[in-house]
Amino acid sequence: MNPLSSCPHFHLIHQNQQIRAMLTILRDRNTDRADFIFYADRLFRLLIEEALSMLPYREKQITTPTGSVFTGCEFSSNLAGVSIVRSGESMEAALRCVCKKIRIGKILIQRNEASADKAPIHYYTKLPHDIADRHVLLLDPMLASGGSARAAIEILKEHGVPESRIIFVNMIAAPEGVRSICSSFPALQIVSCALDDYLNDEKYIIPGVGDFGDRYFGTE
Ligand code: URA
């Protein structure tokens, strides 16, 4: 499902009542931290399963215990996760739950409130040595203006990952961020649970969930 016709590579996961109910709990200011973590983790699992379905597969034949030959499929590429520190780290456990032995890199970028253009500052990157040979799930739960995500994608490209091999996985996206990423990286794919209305003056997603990292990690 794609509600933004100008961004053909933006995908929303199927909006059933279960997804809506879990997002309602996350959005509620009265939800306590334990429930926030519990439902965020459940949604992360679903999101990551959806992202995995967007990867390339090839045909595979196996023989079942009845002796029948069955034609199915298998992953045809290597995969890595890369989290944008700090909120993206909240998605790593869900990725490890569904992908045994997944290699996970990290990129630390922060907004630069001091500079006039607010260009994000890059502090730290650690990636698997063969990242250029892998598809990458880039993890960050909130896509707001897209500044950090754009910087992280540029770093992945500098390390040899073509944008067509990157899937940006996030829980809640603002239209401003989606448009910015899609226009800068037209071959990259984005998968989200929700497309919200807009960014406010403080760059919070509206209606949003507030500060995701603070609510997940208990630093409010
Ligand atoms: N990051 C957050 O945690 N929340 C927002 O609304 C936007 C960015």
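1. Let's start with the core. The largest nonpolar core in this predicted model has 54 residues, and the ones with the most contacts inside it are L47, L137, L138, I166, F168, V169 and V178. Strand β9 gives this core its largest share, 7 residues. As background, nonpolar side chains tend to be buried together in soluble globular proteins.

2. V169 is a good residue to click on if you want to see how that core is put together. Setting aside neighbours within four places in sequence, V169 is in contact with L47, I48, A51, M91, L137, L138, L139 and V191. Two of the partners, L137 and L138, are themselves listed with V169 among the residues with the most contacts inside the core.

3. Next, helix α4, residues 147-158. Its 12 residues should span 16 Å at 1.5 Å a residue, and the end C-alpha atoms are 17 Å apart, so the two agree. The buried residues in α4 are S148, A149, A152, I153 and L156. They cover an arc of only 130° around the axis, which puts them on the same side of α4. The general rule behind this sort of pattern is that an α-helix has 3.6 residues a turn, so residues three or four places apart point the same way.

4. What does the buried side of α4 pack against? The partners of its buried residues are the strands β4 (78-85), β5 (103-110), β7 (134-139), β8 (142-143) and β9 (166-173), plus helix α5 (175-184). Strand β9 is also the one with the largest share of the core from point 1. Just after α4 comes G160, with a positive phi near 95°.

5. Now the ligand. Around it you'll find M142, A144, Y204, I205, G208, D211, F212 and G213. By type, this shell divides into 5 nonpolar, 2 polar and 1 charged. A few elements can be placed straight away: M142 is in β8, which runs 142-143, I205 is in β12 (205-206), and F212 and G213 are in α6 (212-217).

6. Have a look at D197 too, in the loop between β10 (189-195) and β11 (198-199). Is D197 buried or exposed? It counts as exposed, because just 11 other C-beta atoms lie within 10 Å and the cut-off for exposed is 12 or fewer. Leaving out neighbours within four places in sequence, D197 is in contact with I206 and P207. From D197 to G208 is 11 residues in sequence and 8.6 Å in space, C-alpha to C-alpha; G208 is one of the residues around the ligand.

7. Backbone oddities, part one: cis peptide bonds. For context, most peptide bonds are trans. The bond between I206 and P207 is cis, with omega about 5°, and P207 sits in the loop between β12 and α6. The bond from V85 to R86 is cis as well, with omega near 15°; R86 is in the loop between β4 and α3 (92-98). I'd check both by eye.

8. Part two: positive phi. Most residues other than glycine have a negative phi. K101 is not a glycine, yet its phi is positive, about 65°. This lysine is found in the loop between α3 and β5 and counts as exposed, with 5 C-beta neighbours inside 10 Å. K203 is another non-glycine with a positive phi, about 70°, this time in the loop between β11 and β12. With 14 C-beta neighbours inside 10 Å, K203 counts as partly exposed.

Terms used:
Residues are numbered from 1 along each chain as its sequence is written. This is a predicted model: local features need pLDDT of at least 70, side-chain atom pairs count only at pLDDT 80 or more; totals for chains, interfaces and linings use all residues. A residue is near a molecule or strand if its C-beta atom, placed from the backbone, lies within 6 Å of it. Ala, Val, Leu, Ile, Met, Phe, Trp, Tyr, Cys and Pro count as nonpolar, Asp, Glu, Lys and Arg as charged, and the others, Gly among them, as polar. Helices (H or I, at least four residues) and strands (E, at least two) are DSSP runs, numbered from the N terminus. The expected span of a helix is 1.5 Å times one less than its number of residues. A residue is buried if 20 or more other C-beta atoms lie within 10 Å of its own, exposed if 12 or fewer, and partly exposed in between; C-beta atoms are placed from the backbone. The arc is that of the directions from the helix axis to the C-beta atoms. Two residues are in contact if their C-beta atoms, placed from the backbone, lie within 7 Å. A nonpolar core is a set of buried Ala, Val, Leu, Ile, Met, Phe, Trp, Tyr and Cys residues joined through C-beta atoms within 7 Å.
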